[in-house]
Each structure stands twice: as C-alpha cells, then as structure tokens.
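Okay, thanks for coming, everyone. I'd like to walk you through a few spots in this one, so pull up the view and follow along.

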Amino acid sequence: MMKLYPIVAVLALSLFPFLLLFPKVIADLSSDRQALLDFSSAVPHLRKFKWNTNSSICTWHGVGCSSDGSRVVALRLPGIGLYGPIPDNTIGRLDALTTLSLHFNGLSGNLPSDITSLPSLRFIFLQRNQFSGEIPSSLSPQLNFIDLSFNSFSGKIPTIENLTHLTGLNLQNNSLAGSIPNVNLPRLTQLNMSNNQLNGSIPPSLAKFPASSFQGNSLLCGQPLTQCPSFAPSPSPFPSVPLSPSPLSLTPSSRSPSVLPSSPAIPEKQKGKKSLSTGVIIGIVAGGVGGILGLAVLIFLCCVKQYYSKRGVQERKDFNGGGSPKQTEDFSSGVQAAEKNKLVFFGGCSFNFDLEDLLRASAEVLGKGSYGTTYKAILEEGTTVVVKRLKEVVVGKREFDQQMEIIVTVAQHRNVVALRAYYFSKDEKLLIYDHVPAGSLSTRMHGNRDLGRTLDWESRLRIAHGAASGIAHVHSVAGGKLIHGNIKSSNVLLTHDNSGCISDVGLTPLMDSPTIPCRSAGYRAPEVIETKKCSQKSDVYSFGVLLLELLTGKAPVQPPGHDEVVDLPRWVQSVVREEWTAEVFDTELIKFQNIEDEMVQMLQIAMACVAKMPETRPDMNQVVQMIEDIQQSDSGNRQSSEDNKSRSLTSPTP
C-alpha cells in the first residue's frame with residue numbers, strides 16, 4: 001500500500017493544472033453566454049434568434065464555438081432585422097471572438113471601440129448597416145479583413161499601419177473625409193475606398209490597386225486616378241502689379257492693343273514684316289498646296305478603308321444551280337436558291353462556309369423562344385455553329401443591317417455571345433452564333449438531375465456575376481440606351497468555367513411583340529406586362545428573377561404543356577414574410593457549408609432587383625458590384641462540390 005502513494009501523488013500533481021483551469025473554462029463560456037444574452041436583449045430585432053437558453057450556447061443560431069467548445073469564436077447574424085445601436089460591454093466582452101458578421105441589418109449609431117479592439121478579432125463584416133460617427137482608432141492588430149462599406153461613417157480613416165495581417169479593407173460608400181494614410185501592408189490584396197469624400201493624393205504604396213478602388217472621391221488624385229496638379233509657379237494670365245517698375249511691363253507684348261498704334265517703332269516693324277512676308281507667303285502657298293493634296297489623298301484612303309473595315313463583313317458568293325435538297329424541315333425551309341441575298345460574315349470570323357453549306361448541315365433543335373427557333377448545325381467540314389431562325393421581324397433590310405452592326409459592337413465582351421454572320425431575305429432571317437457546348441442555365445438547372453447536372457454555390461455565383469456583367473455591358477453601349485428585353489435562364493449560356501454569357505442581345509428592336517409568350521412571362525416586370533414596353537429597369541427585374549431561380553432552384557415558368565406561371569418573387573416574399581428560413585433556398589445547396597450568409601446577401605440583391613417600383617431598383621453596374629462584394633468577402637472558405645467536407649467553426653465566413 002505504501003508503494004501506491006507515490007503514484008497517487010504523481011497523478012494528483014499532473015491533474016492539478018486541469019483542476020485549476022476547469023472552473024475558468026466554465027466561467028469563460030458562461031461569461032460569453034451572458035454577453036450574448038445582454039446583446040440580444042439590448043438590440044431590437046425583427047426576427048427571433050432561435051436561441052434556446054436550455055441548450056448549449058454552441059448550438060445557438062449564428063454562434064460558433066472553438067473546437068473544444070470552451071469559447072465563442074464566431075457570431076454570424078446577417079440580414080435578420082437587427083436595428084438600433086450596439087451598446088458597449090456586450091459583444092465587446094467576447095474576448096475570444098475571431099469573426100463578427102452582422103451585415104445587411106439596420107444597426108446604427110457609433111461602432112463601439114471595445115468590439116474593434118478585441119484581441120483575437122480577425123474578420124469583421126458590418127457592411128450595409130447605418131453606422132455613423134468615426135471609425136474607432138483602436139483596431140485589433142490581428143485583423144485580417146474589414147468590411148464597413150455602405151454605412152455612414154465620417155471623419156478620417158484611422159491608422160492601419162500596424163495591421164500587418166490585413167488582406168482586405170472595404171470602406172466604400174461612406175462619408176469619410178481627409179487624406180488616405182500612407183501605409184505599406186504587403187498582404188493587402190483587396191481595397192475599396194470609393195464613393196467617399198477623401199481628398200489629397202493617393203499614396204504610392206496603394207497605386208497598384210485599380211481606379212475603381214478610389215472613384216467617387218472628387219478631390220482625390222494620383223495614380224491610378226488622374227495626375228495631381230503641379231504646384232510649381234507658372235505664368236498667370238492675370239499677373240499681379242509689381243512693387244517696382246519692371247522693364248518687362250513696358251514691352252509691346254505686355255501692353256494693351258489700344259496703345260500700340262501710338263508707338264513710333266510700329267511702322268518700322270510693319271515694314272520689315274511686309275518685306276519678310278513675301279518669301280514666307282511663297283513657302284506657305286507651296287507647302288499648303290502640297291499639304292492639301294496630301295490631306296485629300298489621306299481622306300480618300302481613310303474613306304475607302306472605313307467603307308470596308310467599318311462594315312467588317314465579307315460576303316460569300318451565291319451558290320449555283322437550282323437549290324440544294326432539304327436535309328431537314330428546319331432553318332433550310334423557305335430559303336430559296338434563287339435568292340440574291342448572301343450570307344454576311346463579320347470581320348475577324350474564321351468560319352469558311354457559304355449558305356449552301358449551311359443548308360446542307362445536319363441540324364438539331366435546341367429550343368423555341370419568343371424570338372424564334374434555335375438550332376445546332378454541324379457542317380460537313382465538322383464546324384459546329386448555332387443558328388437562330390427569327391420570326392415576326394418587322395424591319396426592312398437596311399434597318400436589319402444597321403442593327404446587326406450594333407449587335408456585333410455589343411458582343412465584343414466575354415459575357416455576351418458573339419454574332420458571327422447573318423442572312424437576310426424577304427422570307428428568312430438567320431443569325432449565326434458561336435456554339436457554346438455547356439448549354440444554357442435553364443437546361444443545366446432544370447434538366448435531368450440524375451445525370452449530375454446540379455450546380456454548387458461557387459458555380460452559381462460565377463454564373464450570376466458573368467450574366468450581370470454581360471447585361472451591364474449591354475446597358476452601357478449605344479449611349480446607355482440599349483436594352484436586352486428578353487433576359488431568362490434559357491438565354492444565359494455557360495462557358496467552360498461556368499461563367500454566365502448573355503445571348504439574344506439586340507433582337508428586341510427587330511421584333512413585333514404585341515403579346516408576351518407564356519414562356520417568358522415569369523421573367524417580365526409588372527410594367528412590361530401592362531405597357532408592353534421594356535426598359536433597362538425591366539431588364540434589372542428580369543435579372544432579379546434569374547437570381548431567385550439560382551437561389552431557389554425553381555423555374556418561374558412551367559414545362560411545355562402547362563400554362564400556369566409561377567410568380568417566383570411573390571412566392572419568395574411570402575416565405576420571407578412568414579419567417580426567414582432555409583425553405584426558400586434550393587435543397588441542392590443544403591449540403592454545402594458556410595454559404596448561408598452569402599445566400600442571404602444574394603437574396604437581398606434579388607429582392608432589390610424585383611422591387612415593384614422601377615425607380616427603386618438598382619442599376620446593373622451596382623448589381624455587379626454587390627455580387628463582387630459577395631465573391632470577395634471570403635472566397636477561400638466557400639465550399640464547392642469537390643470540397644464538401646466539414647470545416648472548423650473558426651472559419652472566417654461573414
């Protein structure tokens with residue numbers, strides 16, 4: 001028995017530190033629990049947190065604990081209707097917190113400094129609230145990403161030189177003033193200070209960021225914006241009166257023209273000028289004649305070049321004979337061999353076939369839309385193109401040709417399907433596009449899911465961003481007056497990297513559309529259904545429906561044979577009105593972790609786009625920026641279909 005005492009003593013000594021720490025662990029978790037309850041009771045919220053006080057704090061909605069369950073390390077409550085100020089000594093007591101995400105709420109007032117100075121805080125996402133006052137100067141040196149955009153912060157940008165771990169800083173759309181601090185943060189890769197009231201020059205260390213990071217600050221200059229004005233002395237057109245007489249002030253060049261005739265030196269200068277002008281005039285005349293001739297030749301050559309290059313087309317010769325035999329009953333139907341019109345190719349196109357080759361091609365119907373029928377055509381030489389056979393075209397050949405030129409100009413964007421050629425005759429109008437093998441978003445989402453045609457969240461984000469970028473480009477050309485008019489998932493084609501690409505661009509002005517086909521009605525804005533007139537704001541509405549389709553997995557139109565149209569925006573609004581739950585999102589997305597907050601943000605964007613009043617909808621450039629904000633918030637923590645594994649609760653998802 002005596003030999004057991006040393007063993008017991010060793011065990012007691014080894015367990016002694018744990019016995020000392022155990023009450024502290026309980027106390028810390030209890031302190032975190034009370035801090036959260038104080039925050040919940042002090043800050044009004046439109047929706048319940050669903051915090052069951054009888055269960056473990058680590059199971060509460062939006063609360064993340066450390067791997068050992070001893071501390072709260074993450075608080076994520078975006079878009080749940082929080083409003084009013086955050087009191088001091090609430091969240092600021094969570095001294096083990098690494099991630100704070102309260103964006104898309106209505107929080108206001110000053111941001112407590114005890115939050116930003118939390119020693120372990122690494123990620124803070126408070127964008128799209130109503131915070132005001134100055135940004136606290138006490139910032140945790142461990143901060144990795146700060147997003148305070150779309151608030152009402154004022155004052156100067158605090159010193160961030162000591163934030164050596166910082167990789168992203170987003171302060172856009174506030175009321176910040178003063179100069180930008182000169183910082184050298186080697187890890188900083190994302191920066192946005194646009195749309196504030198900043199002034200002065202941009203520090204050279206930040207000149208590597210794009211101009212969009214600083215635009216909207218009218219008094220800001222320097223690379224990458226416009227060059228700052230020089231402050232070196234320069235001659236002024238209104239010089240001040242010298243204190244003492246100056247010889248320069250008495251020269252003829254500095255005196256009034258009304259005084260010059262009285263000067264006795266003028267006749268001598270005029271005489272010399274007259275005798276000198278004889279030789280000068282001869283030289284001027286000789287050079288002028290040569291210059292005019294050269295200029296005339298140059299203008300003639302430019303006109304000839306413009307005639308061919310601006311049109312940018314090469315016309316293929318008519319095929320001979322009495323017409324080729326019809327292979328199918330598709331786009332070759334109605335195109336007669338006796339037509340004098342030719343297949344017109346646009347400059348830069350590498351296709352090498354004529355109309356007869358096209359008519360002999362084997363064709364497969366890809367779909368029938370409100371503008372016509374689309375075919376996949378495989379020519380004998382192996383080239384694959386997409387042919388759209390238009391219907392109900394109401395313009396003549398001249399207007400048609402002009403619109404084709406506009407479409408080609410618009411299609412010079414990676415997110416707009418390129419038009420390669422067209423054919424116009426009295427009875428047939430054909431458009432030839434590049435073939436996009438991945439197909440349309442509609443087919444990918446609503447096709448046979450047993451074939452694995454589902455899309456992970458990362459892919460849906462890329463599709464939304466690509467489609468939005470394409471539409472924003474369409475809205476920016478032609479003086480900002482061009483519209484699409486037929487945005488829907490079947491007109492969003494997918495590239496090899498799942499980036500959305502817009503098709504059917506520029507066809508609306510060609511069409512006679514007195515009625516709206518049922519196949520498109522689910523995407524139409526309310527004002528379009530009433531007036532039959534499209535606008536850029538109605539395009540925004542249609543894109544909002546497209547976003548809801550990506551989020552919910554539901555099609556706003558029924559399959560062929562069903563006339564009923566699903567009012568997707570109304571359905572989503574009804575679910576949200578009842579309670580903000582995951583029921584609105586596609587079940588295919590449930591298996592991916594750490595994306596709930598991003599889906600909520602995207603849902604907010606979609607609902608803004610489908611607002612009933614057109615003037616309250618954002619424009620497409622704003623939509624693109626908001627989607628990019630989601631993509632940049634924390635792309636490294638987002639899961640894909642190949643990375644569907646559990647992740648640590650300390651992950652920095654906003």
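So, when I say salt bridge, I mean a side-chain nitrogen of Lys or Arg within 4 Å of a carboxyl oxygen of Asp or Glu. Before we use that, some ground rules: this is a predicted model, where local features need pLDDT of at least 70, side-chain atom pairs count only at pLDDT 80 or more, and totals for chains, interfaces and linings use all residues. Residues are numbered from 1 along each chain as its sequence is written, and side-chain values use heavy atoms, with hydrogens and water left out.

Right, salt bridges. How many does the count come to? By that rule, 12 salt bridges.

Let's start with Arg389 and Glu428, whose closest N and O atoms are 2.7 Å apart. Arg389 sits in strand β19 and Glu428 in the loop between β20 and β21, so this salt bridge ties together parts that are 39 residues apart in sequence. Helices and strands here are DSSP runs, by the way, numbered from the N terminus: H or I with at least four residues for a helix, E with at least two for a strand. Are these two partners buried or exposed? I call a residue buried under 20% relative accessible area, exposed over 50%, and partly exposed in between, using a 1.4 Å probe and protein chains only. Glu428 is buried, because its relative accessibility is 5%, while Arg389 is partly exposed at 22%.

Next pair: the side chains of Arg71 and Asp95 meet in a salt bridge at 2.3 Å, N to O. This one links distant parts of the chain, with Arg71 in the loop between β1 (63–65) and β2 (72–76), Asp95 in the loop between β3 (83–84) and β4 (99–101), and their positions 24 residues apart. Arg71 has a relative accessible area of 16%, so it's buried, whereas Asp95 comes out partly exposed at 38%. And the pair has company: Asp28, Asp32, Arg71 and Asp95 are linked in a network of salt bridges.

Now over to helix α5, residues 397–410. Lys397 forms a salt bridge with Asp401, the closest N and O atoms being 2.9 Å apart. Both lie in α5, four residues apart, which is about one turn of the helix. Lys397 is partly exposed, with a relative accessible area of 38%, and Asp401 is buried at 17%. You may also want to know that UniProt, in an unreviewed entry, places the feature "binding site" at Lys397. Those positions are in the numbering used here, feature names are shortened, and the annotations may be inferred rather than shown by experiment.

How about the helix itself? At 1.5 Å a residue, its 14 residues should span 20 Å, and the end C-alpha atoms are 20 Å apart, so the two agree. That expected span is 1.5 Å times one less than the number of residues. The buried residues of α5 include Phe400, Met404 and Ile407. What covers them? Among the elements in contact, meaning heavy atoms within 4.5 Å, are β16, β19 (384–390), β20 (419–424), β21 (429–434) and α7 (457–476).

Two loop residues next. Asp504 is in the loop between β23 (500–502) and α8 (518–521), and at 5% relative accessibility it counts as buried. Leaving out residues up to four places away in sequence, Asp504 touches Tyr371, Lys388, His484, Asn486 and Asn491. With Lys388, the two side chains make a polar contact at 3.3 Å. Polar contact means a pair of N or O atoms within 3.5 Å; within protein, one must be able to donate a hydrogen and the other to accept it, and residues adjacent in sequence count only if both atoms are side-chain atoms.

Leu343, in the loop between β15 (313–315) and β16 (344–346), is buried too, at 1%. Leu343 and Tyr423 are 80 residues apart in sequence, yet 4.9 Å apart in space, C-alpha to C-alpha.

Last stop, the cysteines. The structure holds two disulfides, with a disulfide being a pair of cysteine sulfur atoms within 2.5 Å. Cys58 and Cys65 have their sulfurs 2.1 Å apart; the torsion about that S-S bond is about -100°, so the disulfide is left-handed. Cys221 and Cys228 pair up at 2.0 Å, and with 100° about the S-S bond their link is right-handed. Counting bonded cysteines along the chain, the pattern is 1-2, 3-4.
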